[in-house]
Amino acid sequence: MSRNLTADLAADLRNRIVDGVIQPGEKLPSENTLISEFGVSRTVVRSALTRLQAEGLVETERGRGSFALTPPSGGPTPAPGTRAVASIEERLQMLDFRIGVETEAAALAARNHSERQLKAAHGALEQFIASSGHPAHSMKADFEFHRAVAAATGNPFYTDCISALGQTMITMPRPRLVSDDEQDSRGRFEQVVHEHSSIYAAIAEGDAVAAAAAMRLHLSNSRRRFTGTARS
């Protein structure tokens, strides 16, 4: 009986996260709220949260609660070539893949972008800058910036690739969700803003070498930031 209650609760919370009812970065209902809402024990609630943690949907911080992470992309029938990204190792593999693909995409965007595409990239950058302090908005704007760079290549295969990966490709280190040090969290966000701005500036200037270098540095730093927080 306990197993069924755990599965039911996990399924309900999973659906809320995947459907966007609980956005990435948002705090899940407290243990007491879930106990009252579902009429289950604290053990069932914790088992359900542990299951969602294993799926990469939830991050739990002692004393602060549980927070939703980016759900894997894809529905009941995922697009060919896509896969769920849940474990730490899979997220690192995703970043390695992105370094290869998006470094070249940035170079092509510098050579091939239209004014409309450059304006779209700038708009996505501005939305990201404005998302400070709002993790759910930040993740969406982060993804939109990278998708705008892919679109600026003029090659639809890059756009299709990034679109198929979806927001699951954006790693969200724990400090961007639940940092005790507001100044430290702000510093990390500003570093990403600086990296995005460098990518955009190189593309706008038509400097393919600089754009590729800026994208590689950004994604390498993203890998380092994620590794440092995920394994701490």
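Asp-12, Arg-16 and Glu-37 are joined in a network of salt bridges. The structure that holds this network is a predicted model, and a search of the whole of it finds 9 salt bridges. Side chains of opposite charge can pair when their charged atoms come close. Several individual pairs deserve attention in turn.

One of these pairs connects distant parts of the chain. The side chains of Asp-96 and Arg-223 form a salt bridge, with 2.7 Å from N to O. Asp-96 belongs to helix 4, whereas Arg-223 belongs to helix 10, which covers residues 208-230, and the two partners are 127 residues apart. Asp-96 has a relative accessible area of 39% and is therefore classed as partly exposed. Arg-223 is likewise assigned to the partly exposed class, because its relative accessible area is 27%.

Helix 4 also contains a salt bridge of its own. Here the side chains of Glu-102 and Arg-98 meet at 2.6 Å, again from N to O. Both residues lie in helix 4, 4 residues apart, which is about one turn of the helix. How accessible are these two partners, Glu-102 and Arg-98? Glu-102 has a relative accessible area of 2%, so this residue counts as buried. Arg-98, with a relative accessible area of 3%, is buried as well. The cut-off behind this assignment is a relative accessible area under 20%.

A further salt bridge is found in helix 6. The side chains of Glu-144 and Lys-140 meet with an N to O separation of 4.0 Å. Because these two residues are 4 residues apart in helix 6 (residues 135-151), about one helical turn separates them. Lys-140 is partly exposed, since its relative accessible area is 44%.

The packing of the helices may now be considered. Helix 2 (residues 31-38) packs against helix 3 (residues 42-54) at an angle of about 110°, and their axes are 9 Å apart. Helix 2 is therefore roughly perpendicular to helix 3, as angles from 65 to 115 degrees are classed in this way. The crossing of helix 2 past helix 3 is right-handed. Helix 2 contributes Glu-31, Asn-32, Leu-34 and Ile-35 to the contact, while helix 3 contributes Arg-42, Val-45 and Arg-46.

Helix 4 takes part in a second such arrangement. Its axis comes within 11 Å of that of helix 7 (residues 156-165), and the two axes cross at roughly 145°. This crossing of helix 4 and helix 7 is left-handed. On the side of helix 4, the contact is made by Met-94, Phe-97, Val-101, Glu-102, Glu-104, Ala-105 and Leu-108. On the side of helix 7, the residues are Tyr-158, Cys-161, Ile-162 and Leu-165. Glu-102 thus appears both in this contact and in the salt bridge with Arg-98.

Beyond helix 4 (88-112), the chain enters the loop that leads to helix 5 (115-130), and His-113 is found in this loop. Is His-113 buried or exposed? With 18% relative accessibility, His-113 counts as buried, because the cut-off for that class is under 20%. The side chain of His-113 reaches the backbone oxygen of Ala-110 at 3.5 Å. When neighbours within four places in sequence are set aside, His-113 is in contact with Leu-108, Leu-118, Ala-152, Ile-203 and Ala-204. One of these residues, Leu-108, is also among those through which helix 4 meets helix 7.

Definitions and conventions. Residues numbered from 1 in each chain as written. Predicted model: local features only at pLDDT ≥ 70, side-chain atom pairs only at ≥ 80, totals over all residues. Heavy atoms only, no water. Buried < 20%, exposed > 50% of the residue type's maximum accessible area, 1.4 Å probe, protein only. Polar contact = N/O pair within 3.5 Å; in protein donor to acceptor, adjacent residues only side chain to side chain. Contact = heavy atoms within 4.5 Å. Axes fitted to C-alpha atoms, helices over the stretch in contact; angles between N-to-C directions. Parallel < 35°, antiparallel > 145°, perpendicular 65-115°, else oblique. Left-handed = near helix turned anticlockwise from the far one by under 90°.
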